[in-house]
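Good morning, everyone, and thank you for making time for this. Please bring up the sequence and the structure on your screens, and we will walk through them together.

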Amino acid sequence: MLAADTAHRSALAALPAPPVTPLATRLTRLAIAAVAVVVLVFCWYEAEMNPAQLVADAGNMATLGSEFLRPDFTDWDVYFNSMVETLAIAVWGTLLAVIVGIPFGILCADNVVPRWVAFPVRRVMDACRAINELVFALIFIAAVGLGPFAGVLALFVHTTGVVAKLFSEAVEAIDPAPVEGIRGTGGSWLQEVIYGVLPQVLPLWISYTLYRFESNVRSATVLGIVGGGGIGMVFNETMRGFLYSQAAAILIIVIVTVSLLDVISQNIRKRFI
Amino acid sequence: MAAALELDRVSKTWGAMRAVDNVSLRIEPGERVALIGASGSGKSTLIRIASGLALADATSGAVRSFGVGVQDKGKLSSEVRRARRQIGLVFQQFALVGRMTVMSNVLVGVLGRISGLRGTLGLFNADEKRTALAALAEVGIAQHAAKKARQLSGGQQQRVAIARALVQGAKLVLADEPIASLDPKSAKRVMDTLVTMSRDHGIALVVSLHQVDYATAYFDRVVAMNAGRVVFDGPASRITAAFLTELYGASAEELILPSQFAVPAAEPLAPVSSEPVS
């Protein structure tokens, strides 16, 4: 026992000394922490963070809370119809985006098209993606007026940018061998894409599309608040009229619908991957 | 008659490495040729250049198949798609689309022959489907036609790839290490299928191989490459054990020495290249 212990100690002594973090590294870490604190403090004031307000307006919060705890479903048919409208906006916004996103997604993939094609197409898609749906909604409301159609157009343009990127990344990750197999038989570029690329990326594309549809339903509820139609519009009206119980009912409908869709689409997506 | 495959002073340089170094080669219609050599000797690159999947250096001459241009001076010929239609390709990793059915994978072979629109839309007629099924029957896979390609074993997938070349109506089949990823039993089956196909349809066949025993057992003509050059081109009977040791050099361990070479052959080897084999 003792012998084993001595042997163990001498073995430890033979090991090199444990590594020591150099002073420069430690100072750098300290500096990074200091900068982080400064940034956080700056952002606190910039965002006008004021927890005291929550206490000062406790009465308001209590009213809001108690009203929200008593959801009022009297006008449920109105809410239901506008939820359907929201879903319809998401369906068409997503579908149009996928139809346009497929060719653009392929034109973004530099293993399928030359770089001088992929580069400019990607920049256009970046622009579509960089601007939020809400901003697009404001633009399209100015163009086609208040209502769901403006919402569809807003989702369509933004989602095109998103799916084109997701689709092209799937294309760039394919196994090139089957494509060469098609090329070797004398197929055209389009045939290489259809027989070599599409079968490989289709399951991923379907999965991405369903995922985008889910998030477009969520976005579509918000679009209504700026005037893009659907349940968001009704929600906005109830909040402005201080009808918190009715607002709560609307929120419950939104939560149930979105959760239900998430479960359904997740199940479908599992089947494809 | 024009050669099944004609390479004229073809070179391919990757950075400082000459993967293929000034190779000229002529394969006659219906001829069966084994391409041997160690890993990195340039076999695969040569096959990719022959089919126009890789471009040769600009200093190279023309690559033609049955008189149709594949590439010239490092640029694809304008008739390359016509050339590719008569060249069937078989790859080490099969190059099938795993998610598509065996049948669809074989029908791809028809694409070069039918109108672009019909091919693009995938509207294959009953005749073409019958041809595909007949080809699958020929390689012994017909019963799996409706399965997804990836459900098949490696050897079966390789035979599907051969069926695709058959449906294509290829007059020359280039096979790049077709049995390198297969177990010995499947390997033999695939080699039998390739050679039978070549014999029955008069298809010229070029197969790159690691296994010298297969090269000598199945092929009359053997072309050996080393460091991008052709160092032997002649009947299999003239290959000696000494030459093989020289050819594979440091990588001799990857060589399965055929039993017939247990005793050194009497006939000395005369490499076609004027360069000594290093």
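Let me begin with a question: in which sense do strand E8 and strand E9 of chain B pair, and over how many bridges? Strand E8, which covers residues 172-176 of chain B, pairs with E9(B) in the parallel sense, and the pairing runs over 5 bridges. One of the positions to find on your screen is B:Val173, whose bridge partner in E9(B) is B:Leu205. To get from E8(B) to E9(B) the chain passes through helix H7 of chain B, residues 184-201, and this β-α-β crossover is right-handed. Before I go further, please keep in mind that what we are looking at is a predicted model.

Let us stay with E9(B) and look to its other neighbour. Strand E3 of chain B, residues 32-36, also pairs with E9(B) in the parallel sense, again over 5 bridges, and here B:Ala34 has B:Val207 as its bridge partner in E9(B).

Now, why can we call E9(B) largely enclosed by the rest of the structure? The reason is that 6 of the 6 residues in this strand, residues 204-209 of chain B, are buried, where buried means that 20 or more other C-beta atoms lie within 10 Å of a residue's own. As a general point, side chains in a regular strand alternate between the two faces of the sheet. In E9(B), B:Ala204, B:Val206 and B:Ser208 point one way, while B:Leu205, B:Val207 and B:Leu209 point the other way, and all of these are buried.

We can now step back to the whole sheet. It is an open sheet of 6 strands in chain B, in the order E7-E8-E9-E3-E10-E11, and its pairing is mixed. Strand E7 (87-90) and strand E11 (229-235) of chain B stand at the edges with a single partner strand each, so one side of each is left without a neighbour in the sheet. From one strand to the next, the twist averages 15°. Further along the order, E3(B) is joined by 4 bridges to strand E10 of chain B, residues 221-226, and these two run parallel; B:Ala34 comes up again here, with B:Val222 as its bridge partner in E10(B). Helix H6 of chain B, residues 154-168, packs on this sheet and touches E7 and E8 of chain B, with a direction that makes about 175° with that of E7(B). Helix H7(B), which we met in the crossover, lies across E3, E8 and E9 of chain B and runs at about 160° to E9(B).

Chain B also holds an open sheet of 5 strands, in the order E2-E1-E4-E5-E6, and there the pairing is antiparallel. At its edges stand strand E2 (17-27) and strand E6 (75-76) of chain B, each with a single partner strand, so one side of each has no neighbour in the sheet. If you look at strand E1 of chain B, residues 5-14, you will find that it pairs with E2(B) in the antiparallel sense over 7 bridges, and that B:Lys12 has B:Val20 as its bridge partner in E2(B). In total, chain B has 9 helices and 11 strands, and 47% of its 278 residues count as buried.

Let us turn to chain A, where there are 12 helices and 0 strands. Buried residues make up 34% of its 273 residues. A compact globule of 273 residues would have a radius of gyration near 19 Å, but chain A has 28 Å, and its C-alpha trace spans about 85 × 75 × 40 Å along its principal axes.

For a helix pair, please find H5 (residues 76-108) and H6 (residues 115-130) of chain A, whose axes come within 7 Å and cross at roughly 130°. That angle makes H5(A) oblique to H6(A). The contact is made by A:Phe104, A:Leu107 and A:Cys108 on the H5(A) side, and by A:Val117, A:Ala118, A:Val121, A:Arg122 and A:Met125 on the H6(A) side.

I will finish with one residue: is A:Leu153 buried or exposed? A:Leu153, found in helix H8 (residues 148-172) of chain A, is buried, because 22 other C-beta atoms lie within 10 Å. Leaving aside residues up to four places away in sequence, A:Leu153 touches A:Phe140 and A:Val144.

Terms used: Residues numbered from 1 in each chain as written. Chains lettered and ligands numbered in written order. Predicted model: local features only at pLDDT ≥ 70, side-chain atom pairs only at ≥ 80, totals over all residues. Rg over C-alpha atoms; globule rule 2.2 N^0.38 Å. Buried ≥ 20, exposed ≤ 12 C-beta atoms within 10 Å, placed from the backbone. Pairing = 2+ DSSP bridges. Right-handed = clockwise from strand over helix to strand, strands pointing away. Axes fitted to C-alpha atoms, helices over the stretch in contact; angles between N-to-C directions. Parallel < 35°, antiparallel > 145°, perpendicular 65-115°, else oblique. Contact = placed C-beta atoms within 7 Å.
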